[in-house]
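Please go through the fold, the core and a few individual residues of the structure shown here. Short answers with the reasoning are enough.

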Amino acid sequence: MVKINAKPVNFKLGDYISDGYEFYKANFGNLLGAFFLAMIMSIIPFCGLLAVGNFYKYCRDLRAGRQVSAGDIFNFDNFTPYLIFQLIFVAGFLLLYIPMIIIMPILANTDGDASGVLFFFIPYVIVLFIIILIVSLKAFYIPALISLANVTDIKTAWNMSSAMSKGNLVSIFLYSLAIGFLSQLGVIACFIGLIFTAPFLYVSHYFAYEDALKQVTYDEIQEIGIKNEF
């Protein structure tokens with residue numbers, strides 16, 4: 001059985017990008033096809049994160065030399081935890097936006113000087129952005145914990161992800177910026193190239209997740225000589 005000892009991981013920004021690129025290049029056809037299927041599945045309501053999680057599973061199995069198929073993407077085993085995660089995120093997002101919903105009509109109906117409202121509104125938007133950014137960075141490892149480590153309790157996954165990302169928020173942010181920029185290079189080719197570069201983002205994420213799980217998992221079976229599936 002696999003046990004997780006959630007702790008800050010050694011975040012290897014450059015390795016994830018280079019390893020992701022080499023893996024994507026070596027398995028271009030399989031990964032591109034799986035990505036297309038994941039995008040099709042994401043059209044189903046509340047299945048976007050599930051599709052991405054299944055893509056990570058596909059990467060794991062392909063990397064391990066296991067037999068992979070299209071059916072691996074259309075798998076609903078982790079639907080419930082991803083649904084709960086999305087509902088919690090949306091609820092929190094709406095809760096943070098309540099003051100903005102109240103302020104916007106006041107700002108729109110202000111005939112004279114609106115400086116008083118703006119004095120509150122602008123700092124609020126900045127603080128809101130910072131809160132969302134920090135929460136997103138601390139939740140970075142949740143997809144890996146759900147899809148690759150079978151952690152189905154969202155509170156547990158959040159606590160583990162928070163511990164794993166501790167001290168790495170800046171690195172994760174810089175990594176997200178770098179990998180996001182690289183994956184969007186296809187826009188230069190009138191968006192056609194985006195079809196080929198976008199999957200690279202998720203492949204690179206997989207390597208970040210794989211390495212993190214290697215650092216925080218303790219496999220009792222591994223102690224008797226059987227290789228950890230990660």
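Q: How many helices and strands does the protein chain have, and in what order do the elements run?
A: In this predicted model, the protein chain has nine helices and two strands. From the N terminus on, the order is β-α-α-α-α-α-α-α-α-α-β.

Q: What share of the contacts between residues at least 6 apart in sequence joins residues at least 24 apart?
A: The protein chain has 230 residues, and 39% of them count as buried. Among its contacts between residues at least 6 apart in sequence, the share that joins residues at least 24 apart is 72%.

Q: Which helix gives the most residues to the largest nonpolar core?
A: The largest nonpolar core has 54 residues, and those with the most contacts inside it are Leu31, Phe55, Phe140, Tyr141 and Tyr175. Several helices each supply at least two residues of this core, including helix 1 (13–26), helix 2 (28–41), helix 4 (79–108) and helix 7 (154–165). With 11 residues, the one that gives the most is helix 9.

Q: Does helix 8 carry its buried residues on one face or spread around the axis, and within what arc do they fall?
A: The buried residues of helix 8 are Ile172, Tyr175, Ile179, Gly180 and Ser183. Seen down the helix axis, they line one face because they fall within an arc of 125°.

Q: Which exposed residues sit on the face of helix 8 turned away from its buried side?
A: An α-helix has 3.6 residues a turn, so residues three or four places apart point the same way. In helix 8, the face turned away from the buried side carries the exposed residues Val170 and Phe181.

Q: How far apart are the end C-alpha atoms of helix 8, against the span it should have?
A: Helix 8 covers residues 169–183, which is 15 residues. At 1.5 Å a residue it should span 21 Å, and the distance between its end C-alpha atoms agrees, at 21 Å.

Q: Which residues outside its sequence neighbourhood is Tyr175 in contact with?
A: Tyr175 is one of the buried residues of helix 8 and is among those with the most contacts inside the largest nonpolar core. Leaving aside neighbours within four places in sequence, its contacts are Phe11, Leu13, Tyr16, Ile17, Phe140, Ser204, His205 and Ala208.

Q: What is the nearest side chain of opposite charge to Lys57, and how far away is it?
A: Lys57 lies in helix 3 (residues 48–63). Beyond its neighbours within four places in sequence, Lys57 is in contact with Asn78, Ser147 and Leu148. Lys57 is buried yet has no salt bridge, and the nearest side chain of opposite charge is Asp77, 5.0 Å away.

Q: Is Phe46 buried or partly exposed, and at what relative accessibility?
A: Phe46 is found in the loop between helix 2 and helix 3. Its phi is near 65°, a positive value in a residue other than glycine. Phe46 counts as partly exposed because its relative accessibility is 43%.

Q: Is Asn150 buried or exposed, and at what relative accessibility?
A: Asn150 lies in the loop between helix 6 and helix 7, and its phi is positive, near 60°. Asn150 counts as exposed, with a relative accessibility of 52%.

Q: Which residue with positive phi follows helix 7?
A: Helix 7 has 12 residues and reaches 16 Å from its first C-alpha to its last, close to the 16 Å expected. Its buried residues include Ile154, Ala157, Met160 and Met164. The residue that follows helix 7, with phi near 80°, is Gly167.

Definitions and conventions: Residues are numbered from 1 along each chain as its sequence is written. This is a predicted model: local features need pLDDT of at least 70, side-chain atom pairs count only at pLDDT 80 or more; totals for chains, interfaces and linings use all residues. Side-chain values use heavy atoms; hydrogens and water are left out. Helices (H or I, at least four residues) and strands (E, at least two) are DSSP runs, numbered from the N terminus. The expected span of a helix is 1.5 Å times one less than its number of residues. Buried means under 20% relative accessible area, exposed over 50%, partly exposed in between (1.4 Å probe, protein chains only). The arc is that of the directions from the helix axis to the C-beta atoms. Lys and Arg count as positive and Asp and Glu as negative; His and the chain ends are not counted. A salt bridge is a side-chain nitrogen of Lys or Arg within 4 Å of a carboxyl oxygen of Asp or Glu. Contact means heavy atoms within 4.5 Å. A nonpolar core is a set of buried Ala, Val, Leu, Ile, Met, Phe, Trp, Tyr and Cys residues joined through side-chain atoms within 4.5 Å.
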